[in-house]
Number of protein chains: 2
Amino acid sequence: MSSAAYLQLAERSREIHLLRSVAAVLSWDFETYIPSKAVPYRADQLSYLEAKAHKLFTEACVGDWLKSAEQFGFDPESEESANVREWRRAYDRATRIPVDLVEEFERTRTIAREAWVQARAESKFSLFEPHLRKIVELTRQKVELWGYKESPYDALIDDYEPGITARQIKPVLEQLRVALVNLLGQIQNKPVPETFLDGHYPIDGQQALSNKIAAAFGYDFAAGRIDTTMHPFATTLGPFDQRITTRYNIRRFEVSLYGVMHETGHALYEQGLRTDRVGLPSGDAVSLGIHESQSRLWENHVGRTPQFWHLWHATACKHLPDIARYSPAELACGVQRIAPSFIRVEADEVTYDLHILLRFEMELALIEGRLKVSDLPEAWNTRFHELFGLIVPDDARGALQDIHWSLGSLGYFPTYTLGNLNAAQLMFAAEKQIAGLPDQLAQGNYAPLLSWLRENVHQHGRKYLPAELMYRATGEPTQARYRIDYLRNKYLS
Amino acid sequence: MSSAAYLQLAERSREIHLLRSVAAVLSWDFETYIPSKAVPYRADQLSYLEAKAHKLFTEACVGDWLKSAEQFGFDPESEESANVREWRRAYDRATRIPVDLVEEFERTRTIAREAWVQARAESKFSLFEPHLRKIVELTRQKVELWGYKESPYDALIDDYEPGITARQIKPVLEQLRVALVNLLGQIQNKPVPETFLDGHYPIDGQQALSNKIAAAFGYDFAAGRIDTTMHPFATTLGPFDQRITTRYNIRRFEVSLYGVMHETGHALYEQGLRTDRVGLPSGDAVSLGIHESQSRLWENHVGRTPQFWHLWHATACKHLPDIARYSPAELACGVQRIAPSFIRVEADEVTYDLHILLRFEMELALIEGRLKVSDLPEAWNTRFHELFGLIVPDDARGALQDIHWSLGSLGYFPTYTLGNLNAAQLMFAAEKQIAGLPDQLAQGNYAPLLSWLRENVHQHGRKYLPAELMYRATGEPTQARYRIDYLRNKYLS
């Protein structure tokens with residue numbers, strides 16, 4: 001069932017994976033514990049590792065092995081066939097861009113990120129504009145080299161969400177927009193003050209509580225740990241090493257608590273990948289939209305509910321006495337607060353996807369050449385007013401708020417919304433397929449849900465493209481209506 | 001002044017250094033924060049990196065560059081010449097052992113370490129005996145391949161202390177033995193109880209105090225940090241990244257405090273290496289005996305004194321209120337407690353080197369074939385009684401107590417004593433050369449001492465062999481009498 005070329009590809013793939021996992025350890029340390037003066041040499045170490053990995057993957061022999069493996073005639077349904085497909089995608093993406101362009105793009109990104117930090121601090125788009133213009137220009141060059149069928153945007157999102165296109169995303173987001181704007185109009189009558197849950201929540205109590213909840217969800221602390229960083233993330237340092245970070249706000253326990261639930265969802269996905277496939281595509285996470293579905297599912301569908309607070313109220317009060325001032329229902333109400341605001345990362349469940357829609361429209365227009373970078377702030381502010389009914393006060397709270405474009409990541413934003421849609425759709429399917437799931441969750445019996453996700457999502461790695469994975473798990477590719485129904489049920493009942 | 005071959009060697013040397021610094025990050029994480037299940041893959045990552053580094057260094061082209069650089073005719077006093085000398089030493093050591101023997105030694109070490117853990121736990125030398133026999137046998141094979149002039153032991157210690165021989169060590173240790181046994185007889189009349197300083201010392205207070213002292217010594221926290229591990233160590237992860245670890249005992253502040261001073265000494269050496277020589281021998285620490293001199297100097301000559309406690313008493317009381325029960329003189333008395341005991345790592349300043357003498361005699365006899373492994377415990381116990389006047393109660397407190405031999409590290413122990421001797425000799429020279437040094441130290445003005453060490457020791461890296469480095473700094477190669485005088489002055493006055 002195997003060809004020699006396939007085995008060589010697999011060995012090379014494992015070696016590259018090992019190098020990248022080494023880099024992941026260095027990056028984790030970079031984000032958590034590195035002393036400030038050590039940063040420049042760490043950058044050298046990381047560049048070296050990435051260059052080695054890139055070189056190992058783009059050597060001519062890899063192209064020869066790929067051709068040979070493609071001609072071998074693996075069963076199209078086989079894991080081998082899927083791995084060859086994924087190697088081919090990655091190989092073509094990596095080899096079609098000349099080294100000069102790769103280097104120019106890296107230099108541009110580095111400078112752009114610095115400029116963005118400055119521009120955002122001063123809320124002056126003009127400081128960032130020339131850098132973003134350069135990024136868009138170079139990105140358009142790359143896109144032409146990669147190739148695409150319809151929109152140049154498709155070649156970008158393919159990096160994050162293999163197989164999906166702008167044409168497929170548009171109607172889904174439009175359907176969502178109509179429903180969300182409508183829903184928002186109905187909810188705004190019952191506001192909860194922003195400071196509703198504010199209190200004094202000592203950090204060790206927050207840690208004890210969120211550790212218990214992460215463990216209850218199924219996070220394996222013998223294969224992970226939780227550290228503190230300014231920007232929370234989940235990362236994988238090896239097959240049994242999925243780490244989480246969070247940040248604590250002593251007045252607002254929910255910042256860290258829901259952050260940990262979110263990152264736990266990501267880590268549970270990684271902990272559910274097949275450890276006998278380490279270093280192969282079939283042992284790797286398939287896409288950002290699927291990854292985000294796992295974080296959103298645990299954070300919002302499991303954690304941001306009245307049932308959750310009925311169950312965890314007593315434990316939470318034990319670790320954080322100030323929580324005792326609220327009933328479970330009040331806690332649920334507080335963490336489900338809906339209020340349009342300017343900043344995406346602070347957005348609630350209902351308005352969140354409107355932020356994404358806006359970004360998707362902007363970057364699509366930029367990459368298709370329909371919008372000039374210099375016109376971006378005005379276009380952003382106009383559209384923001386249409387969607388949210390609010391006037392953007394400055395660029396820091398407008399087109400400058402996100403880091404993504406400064407990093408050269410265009411085509412990334414829609415995966416957040418795809419994650420939300422997939423979460424609702426998977427949860428709907430899980431409720432149909434697991435007898436008594438709502439009761440199990442209400443009792444804190446999270447194992448059946450996790451097993452279902454392991455079986456239907458995690459264990460497949462990249463064997464199926466995201467759309468097929470969703471189809472196999474839920475009977476349909478990604479739809480908007482499950483999320484719309486979920487939000488309506490949750491916020492209008 | 002340069003040859004092309006030299007530049008290629010330098011580039012290769014920097015690349016290997018970078019790979020090993022990457023491994024150092026992974027090892028640091030392994031010791032501090034790794035989740036338990038992540039250990040096996042971490043071992044794979046580390047083996048991969050070490051194999052890559054080894055391969056890069058032992059390629060035939062490196063041998064060619066070396067020959068060419070050696071023939072280029074660098075000034076023998078130049079840095080280039082010293083670097084070529086050090087690359088040659090390392091290259092010959094790395095290439096003279098066939099791969100089969102390297103692998104057999106690695107396998108033997110791994111199994112021996114496991115066996116040693118078990119043997120020590122059960123205090124049964126017989127469990128460790130066959131493994132140690134194998135290690136000695138393979139080490140003798142390696143030694144023959146490396147070559148040596150007089151004793152096979154010389155080829156071993158050369159790895160840790162370049163240039164020194166068993167013939168040089170013997171008379172120094174003998175002189176030390178006579179003086180120490182004599183000194184011990186005079187001190188034992190005034191014992192301090194082992195529990196003299198016991199109290200309640202909260203960990204955050206211990207941390208605050210030892211951080212202040214490390215910073216006062218000159219440790220740059222922007223290029224380092226202190227974490228907690230079972231076995232304390234100092235390690236370098238990059239040119240501006242020298243980290244320390246310690247362990248806290250809530251009843252005994254001195255365990256961590258003097259541990260931190262010790263590791264700070266190591267880290268100060270590494271922080272004093274030339275950052276414009278990163279990856280070259282001239283930018284690397286020269287030997288274990290010099291390294292240990294730096295840790296012992298700060299720990300014992302600076303920290304374990306009445307002057308130190310006069311200066312730090314008030315600060316210590318602030319962070320650790322239980323310390324207020326003691327006067328500065330009593331604190332100094334407590335941390336200078338002398339009492340012969342069975343365990344090397346718990347030994348005081350006077351008996352410590354007797355422990356080393358014993359190990360040196362044993363491993364020298366083993367490697368020269370004058371002692372059979374099966375006879376080791378009896379030889380150990382007999383000699384221990386002669387030196388300490390105590391009867392070893394079991395092997396766990398005798399020949400099984402140290403990990404070194406199970407790791408295949410024979411020839412390592414004398415570097416501890418060399419460190420002690422070098423510390424006393426350097427301190428004597430510093431006092432002669434720095435006007436008012438005792439007053440400066442008494443006032444906490446540590447900068448002049450650190451500057452002197454930077455100039456006379458740290459900045460030279462491996463440019464000089466340890467004996468020449470000591471000669472240049474102090475006017476003599478390593479001698480026993482400075483340490484003997486130091487101990488007599490300190491403990492008989």
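**Exercise 1. A serine in a loop**

Task: Locate Ser123(A) in this predicted model, then decide what marks its backbone and whether it is buried or exposed.

Solution:
- Step 1. Find the place. Ser123(A) sits in the loop between α5 (99-122) and α6 of chain A.
- Step 2. Read the backbone angle. Phi of Ser123(A) is near 55°. That is a positive value in a residue other than glycine.
- Step 3. Set this against the background. Most residues other than glycine have a negative phi.
- Step 4. Check accessibility. Ser123(A) has 22% relative accessibility, so it counts as partly exposed. The cut-off for buried is under 20%.
- Step 5. Turn to chain B. Ser123(B) lies in the loop between α5 (99-122) and α6 (125-146) of chain B. Its phi is near 55°, again positive. Ser123(B) is partly exposed, because its relative accessible area is 21%.

**Exercise 2. One helix, two sides**

Task: Work out how helix α15 of chain A is placed: which residues are buried, and what covers them?

Solution:
- Step 1. Check the length. Helix α15(A) runs over residues 376-388, which is 13 residues. At 1.5 Å a residue it should span 18 Å. The end C-alpha atoms are 18 Å apart, so the two agree.
- Step 2. List the buried residues. They are Leu376(A), Pro377(A), Trp380(A), Arg383(A), Phe384(A), Leu387(A) and Phe388(A).
- Step 3. See where they point. They cover an arc of only 140° around the axis, so they lie on the same side of α15(A).
- Step 4. Look at the other side. There, Glu378(A) and Glu386(A) are exposed.
- Step 5. Find the cover. The buried residues are covered by elements including α6 (125-146), α8 (166-187) and α14 (352-367) of chain A.
- Step 6. Look past the end. Gly389(A) follows α15(A), with a positive phi near 70°.

**Exercise 3. Where the chains meet**

Task: Describe the contact of chain B and chain A: how many residues take part, and how many salt bridges are there between the chains?

Solution:
- Step 1. Count residues. Chain B gives 37 residues and chain A gives 37 residues.
- Step 2. Take the area. The two chains bury about 2,800 Å² between them. Carbon and sulfur atoms account for 62% of it.
- Step 3. Find the top contributors. Lys37(B), Tyr41(B) and Tyr48(B) supply 22% of the area that chain B buries against chain A, more than any other three residues.
- Step 4. Count the links. There are eight salt bridges between chain B and chain A. The interface also has 16 residue pairs in polar contact.
- Step 5. Name the elements. On the side of chain B that touches chain A, α1 (4-32), α2 (39-58), β2 (234-238) and β3 (241-246) of chain B each give two or more residues. The largest share, ten residues, comes from α1(B).
- Step 6. Inspect two salt bridges. Arg243(B) pairs with Asp29(A), the closest N and O atoms being 2.8 Å apart. Asp241(A) pairs with Arg42(B) at 3.6 Å, N to O. Asp241(A) is in strand β3 of chain A and Arg42(B) in helix α2 of chain B, so this pair joins two chains.
- Step 7. Check burial. Asp241(A) counts as buried because its relative accessibility is 2%. Arg42(B) is buried too, with a relative accessible area of 1%.

**Exercise 4. Salt bridges within a chain**

Task: Which parts of chain A does the pair Asp198(A) and Arg252(A) tie together, and where in chain B are Lys490(B) and Glu349(B)?

Solution:
- Step 1. Start with the total. The structure holds 86 salt bridges over all chains.
- Step 2. Take chain A. Asp198(A) and Arg252(A) form a salt bridge at 3.0 Å, N to O. Asp198(A) lies in the loop between α8 and α9 (203-217), and Arg252(A) in the loop between β3 and α10, so the pair ties together parts 54 residues apart in sequence. Both residues are buried.
- Step 3. Take chain B. Lys490(B) and Glu349(B) meet at 2.9 Å, N to O. Lys490(B) is in helix α20 (residues 481-492), and Glu349(B) is in the loop between α13 (328-335) and α14 (352-367) of chain B. They are 141 residues apart. Both are buried.
- Step 4. Look for a network. Salt bridges link Arg85(A), Glu86(A), Arg89(A), Arg93(A), Asp158(A), Asp159(A) and Arg462(A).

Conventions. Residues are numbered from 1 along each chain as its sequence is written. Chains are lettered from A and ligands numbered from 1 in the order in which they are written. This is a predicted model: local features need pLDDT of at least 70, side-chain atom pairs count only at pLDDT 80 or more; totals for chains, interfaces and linings use all residues. Side-chain values use heavy atoms; hydrogens and water are left out. Helices (H or I, at least four residues) and strands (E, at least two) are DSSP runs, numbered from the N terminus. The expected span of a helix is 1.5 Å times one less than its number of residues. Buried means under 20% relative accessible area, exposed over 50%, partly exposed in between (1.4 Å probe, protein chains only). The arc is that of the directions from the helix axis to the C-beta atoms. Contact means heavy atoms within 4.5 Å. Buried area is the accessible area (1.4 Å probe) that two parts lose on being put together, summed over both. A salt bridge is a side-chain nitrogen of Lys or Arg within 4 Å of a carboxyl oxygen of Asp or Glu. A polar contact is a pair of N or O atoms within 3.5 Å; within protein, one must be able to donate a hydrogen and the other to accept it, and residues adjacent in sequence count only if both atoms are side-chain atoms.
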